[in-house]
Amino acid sequence: MSRPPPPLPREARLVILTGAGISAESGVRTFRDGDGLWERHRLEDVATPEAFRRDPDLVHRFYNERRRGLATVEPNAAHRALVQLEAAWPGEFLLVTQNVDDLHDRAGSRQLLHMHGELLKGRCLGCRTVVDWPGDMDCDSRCPVCATGAMRPHIVWFHELPLGLDPIYEALERCDLFVAIGTSGHVHPAAGFVEAVGPRCRTLELNLEPSRVASAFQEARSGRATELVPALVAELLG
C-alpha cells in the first residue's frame with residue numbers, strides 16, 4: 001500500500017482535479033462504462049462541433065436528457081469533503097473539474113473551475129455570452145442578451161479548447177500537492193496535468209482503478225471516492 005503524503009505546511013498550495021468517478025457515486029452516468037452514454041451515442045454524433053452543425057436537434061436532445069438527469073442526483077461525501085477542505089485550508093486552493101454536472105457547485109465549492117463547461121449553462125453563437133440555462137434547449141432557443149443569437153450547450157466538445165487553461169497551469173506550476181480524483185487519464189490536456197507540476201510537488205491519485213497515467217503519480221490509493229476523499233481531507237486538516 002502506498003504511503004500517505006507527508007504532512008503539509010498550512011500555507012501549502014493545493015490543486016485538486018476531479019473526473020467522472022467522483023460523480024458516478026452520485027448516480028451520474030459516465031461515458032466509458034459498459035452502460036455508459038457512449039453505448040447509445042457515438043461521440044462523433046453528440047460531442048463535436050461538426051455533430052452540432054450536422055444535426056443540432058440530436059445534440060440538443062442528448063444534452064437535454066443529461067440536464068434533466070441532474071435533478072435526480074445529489075452531491076456525495078466526496079464532494080462535501082472537498083468543500084470542507086476548501087473552507088478550512090488557509091493556503092491557495094483550486095478545484096478543477098472535468099465534470100459538466102453541478103454537484104461540486106451544489107455541495108458548496110467556490111474556488112472551482114469547470115474546464116469542460118457546465119451543463120446548466122448555454123452559450124450564444126452570436127454574441128458568445130454564457131448564461132444560466134437550467135431547462136431544455138432547442139434550435140429555436142435564442143440568447144436572452146442579444147435576443148437574436150442561437151444557443152448551444154456550454155460544453156467543451158472534442159476538438160475544442162478546454163476553459164481556464166492559463167490559470168490552471170499557473171496553479172499547477174506553483175502547487176505543493178496535486179491530487180487527481182476519479183479520473184480516467186484518457187482525456188487531454190487533463191491527463192497531462194500531473195506532468196505540469198513543479199519538481200517539489202507531491203502527486204496523489206485517488207481512483208477506483210488505476211488511471212491510464214497512474215504511473216506518473218508518486219502515490220496512489222484505490223477505492224471509492226466517497227471513502228478515500230474524506231479520509232484524505234481528515235489527514236490534511238488533522
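This is a short tour of one predicted model, stop by stop.

**Stop 1: the three-stranded sheet**

Start with strands S4, S5 and S6. They form an open sheet in the order S5-S4-S6, with antiparallel pairing. Color S5 (130–132) and S6 (151–155) as the edges: each of these strands pairs on one side only. Look at the twist next. Neighbouring strands of this sheet are turned by 45° against each other on average, direction ignored.

Now zoom in on S4 (residues 117–124) and S6. Four bridges join these antiparallel strands. Select Gly117 to see one of the ends: its bridge partner in S6 is Ile155.

Then add helix H4, residues 56–69. H4 lies across S4 and S6, and it runs at about 55° to S6.

**Stop 2: His116**

Select His116. It sits in the loop between strand S3 (112–114) and S4. Is His116 buried or exposed? It counts as buried, because its relative accessibility is 12% and the cut-off for buried is under 20%.

Show polar contacts here. The His116 side chain reaches the backbone oxygen of Gln98 at 3.2 Å. Next, display the surroundings. Setting aside neighbours within four places in sequence, His116 is in contact with Thr97, Gln98, Val100, His154, Ile155, Val156, Pro162 and Val187. Ile155 also appeared at the previous stop, as the bridge partner of Gly117.

**Stop 3: the aromatic rings**

Show the rings of Phe, Tyr and Trp. How many aromatic pairs are there? The count comes to five.

Select Tyr169 and Phe193 for an edge-to-face pair. Their ring centres are 5.5 Å apart, with 85° between the planes. Tyr169 belongs to helix H7 (residues 165–174), while Phe193 is in the loop between strand S7 (177–181) and strand S8 (202–207). The pair therefore ties together parts that are 24 residues apart in sequence. Color by accessibility and compare the two partners. Tyr169 is partly exposed at 28% relative accessibility. Phe193 is buried at 1%.

Move to Phe178 and Phe217. This pair is stacked, at 6.0 Å centre to centre and 15° between the planes. Phe178 lies in S7, and Phe217 lies in the loop between S8 and strand S9 (219–222), so the pair ties together parts that are 39 residues apart in sequence. Both rings belong to buried residues: Phe178 has 1% relative accessibility, and Phe217 has a relative accessible area of 9%.

Now select Phe52, Phe62, Tyr63 and Trp157 together. Ring pairs link these four residues into a cluster. Keep Trp157 on screen and add Arg152. Arg152 lies over the face of Trp157, at 3.8 Å from the ring centre.

**Stop 4: Leu237**

Finish at Leu237, in helix H8 (residues 225–237). Leu237 is partly exposed, with a relative accessible area of 22%.

Draw a C-alpha to C-alpha distance from Leu237 to Gln84. These residues are 153 apart in sequence and 9.3 Å apart in space. Then display what Leu237 touches. Leaving aside neighbours within four places in sequence, its contacts are Arg10, Gln84, Leu85, Ala88 and Trp89.

Conventions. Residues numbered from 1 in each chain as written. Predicted model: local features only at pLDDT ≥ 70, side-chain atom pairs only at ≥ 80, totals over all residues. Heavy atoms only, no water. Phe/Tyr/Trp six-rings, centres within 6.5 Å; stacked < 30°, edge-to-face > 60°. Helix = DSSP H or I, 4+ residues; strand = E, 2+ residues; numbered from the N terminus. Buried < 20%, exposed > 50% of the residue type's maximum accessible area, 1.4 Å probe, protein only. Lys NZ or Arg CZ within 6 Å of the ring centre and 35° of its normal. Pairing = 2+ DSSP bridges. Axes fitted to C-alpha atoms, helices over the stretch in contact; angles between N-to-C directions. Contact = heavy atoms within 4.5 Å. Polar contact = N/O pair within 3.5 Å; in protein donor to acceptor, adjacent residues only side chain to side chain.
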